[in-house]
Amino acid sequence: MINSILSAQHLSKKVPSTEGQLTILDSVSLSLEQGDSLAIIGRSGSGKSTLLGLLAGLDLPSSGKVQLAGHQLNDLDEDQRAAVRAEHVGFVFQAFLLLDSLNALENVMLPLELAGHTNPKQRASELLIRVGLEERLRHPVNLLSGGEQQRVALARAFATQPAVLFADEPTGNLDSQTGESISDLMFAMNKELGTTLVLVTHDERLAARCQQYLRLEGGRQVEQACN
């Protein structure tokens with residue numbers, strides 16, 4: 001696992017409940033190299049989003065370890081984990097999480113500006129053109145269609161050229177045709193930029209496009225294989 005861009009060893013997550021400790025995730029392990037793609041699949045409540053959150057350092061496990069881009073996340077405090085995410089990670093969610101007060105270009109420029117990029121406007125423009133929104137650069141994002149908003153979200157996620165992109169149900173709010181288009185775009189950019197893709201999805205067809213898949217049931221890792 002030394003050369004892995006992302007690895008997890010025996011990850012578990014337990015939370016208190018009225019009936020005692022509730023196990024949400026139970027001893028999950030995985031290892032991904034740069035440029036790999038992994039689908040995390042399973043029914044609602046199986047622990048998929050919890051696993052993604054632990055892998056991204058958004059939460060800490062009850063036991064087990066996560067290494068992301070050479071950093072042992074368990075050894076870092078919240079601010080240090082945030083710094084690792086800012087440098088190495090991009091996110092795409094089912095809810096697009098764009099800033100309505102900004103237009104498409106400004107939404108994509110924001111992470112570049114925070115990262116101190118020398119020419120955020122040019123980089124953001126190039127990415128929006130890459131995702132087919134050359135006619136929408138100045139549009140307020142709340143006036144864009146769902147598919148267009150997710151394209152902005154993709155451009156924003158790839159803006160800082162992250163080592164790992166975490167995508168949680170990225171096509172969940174889209175019709176099948178638009179979802180297919182977004183999927184094509186996500187995998188194309190994944191390949192072009194060499195970004196490792198970790199994808200949570202209910203969609204078996206989308207999961208089949210990843211190099212590997214990991215199936216969870218009741219927080220347990222019941223299957224892991226290559227497609």
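Which residues of β8 are buried on one side, and which on the other? T196, V198 and V200 cover one face, while L197 and L199 sit on the opposite one, and all of them are buried. This is a predicted model, so here is a quick tour of what it shows, starting with that strand and moving out to the whole chain and three individual residues.

**Strand β8 and its partners**

- Strand β8 spans residues 196-200, and 5 of its 5 residues are buried, so the rest of the structure largely encloses it.
- On one flank you'll find strand β3, residues 37-41, which runs parallel to β8 and is joined to it by 4 bridges.
- If you want a landmark for that pairing, look at I40, whose bridge partner in β8 is V200.
- Strand β7, residues 164-168, also pairs with β8 in the parallel sense, this time over 5 bridges.
- Here D168 is the residue standing opposite V200 of β8.
- To get from β7 to β8, the chain passes through helix α6, residues 176-193, and this β-α-β crossover is right-handed.

**T171, on the way from β7 to α6**

- T171 belongs to the loop that links β7 and α6.
- Its relative accessible area is 12%, and since anything under 20% counts as buried, T171 is classed as buried.
- Setting aside residues up to four places away in sequence, T171 touches G179, I182, S183 and L206.

**A104, in helix α3**

- A104 is part of helix α3, which covers residues 104-114.
- With a relative accessibility of 0%, A104 counts as buried.
- A104 and H139 are 35 residues apart along the chain, yet their C-alpha atoms are separated by 6.0 Å.
- H139 also turns up among the contacts of A104, alongside L128, R136, L137, V141, L144 and V152, once neighbours within four places in sequence are left aside.

**K65, in strand β4**

- K65 is found in strand β4.
- At 48% relative accessibility, K65 counts as partly exposed, because that class runs between the 20% and 50% cut-offs.
- Beyond its neighbours within four places in sequence, K65 is in contact with S7, A8, Q9, L11, Q72 and N74.
- D75 lies 10 residues from K65 in sequence, with 9.2 Å between the two C-alpha atoms.

**The chain as a whole**

- The secondary structure adds up to 7 helices and 10 strands.
- A compact globule of 227 residues would have a radius of gyration near 17 Å, and the chain agrees with that, at 17 Å.
- Along the principal axes, the C-alpha atoms fill a box of roughly 50 × 35 × 35 Å.
- Of the 227 residues, 48% count as buried.
- Take the contacts between residues at least 6 apart in sequence: 67% of them join residues at least 24 apart.
- The chain exposes about 10,900 Å², with carbon and sulfur atoms supplying 47% of that area.

**How confident the prediction is**

- The mean pLDDT of the chain is 90, and 99% of the residues score at least 70.
- Confidence peaks in strand β4, residues 63-68, at a mean of 95, and is lowest in strand β10, residues 220-226, at 83.
- As a rule, predicted coordinates should not be read in detail where pLDDT is low.

Notes. Residues numbered from 1 in each chain as written. Predicted model: local features only at pLDDT ≥ 70, side-chain atom pairs only at ≥ 80, totals over all residues. Heavy atoms only, no water. Buried < 20%, exposed > 50% of the residue type's maximum accessible area, 1.4 Å probe, protein only. Helix = DSSP H or I, 4+ residues; strand = E, 2+ residues; numbered from the N terminus. Pairing = 2+ DSSP bridges. Right-handed = clockwise from strand over helix to strand, strands pointing away. Rg over C-alpha atoms; globule rule 2.2 N^0.38 Å. Contact = heavy atoms within 4.5 Å. Areas by Shrake-Rupley, 256 points an atom, 1.4 Å probe, with all protein chains shown as cover. pLDDT = per-residue confidence, 0-100.
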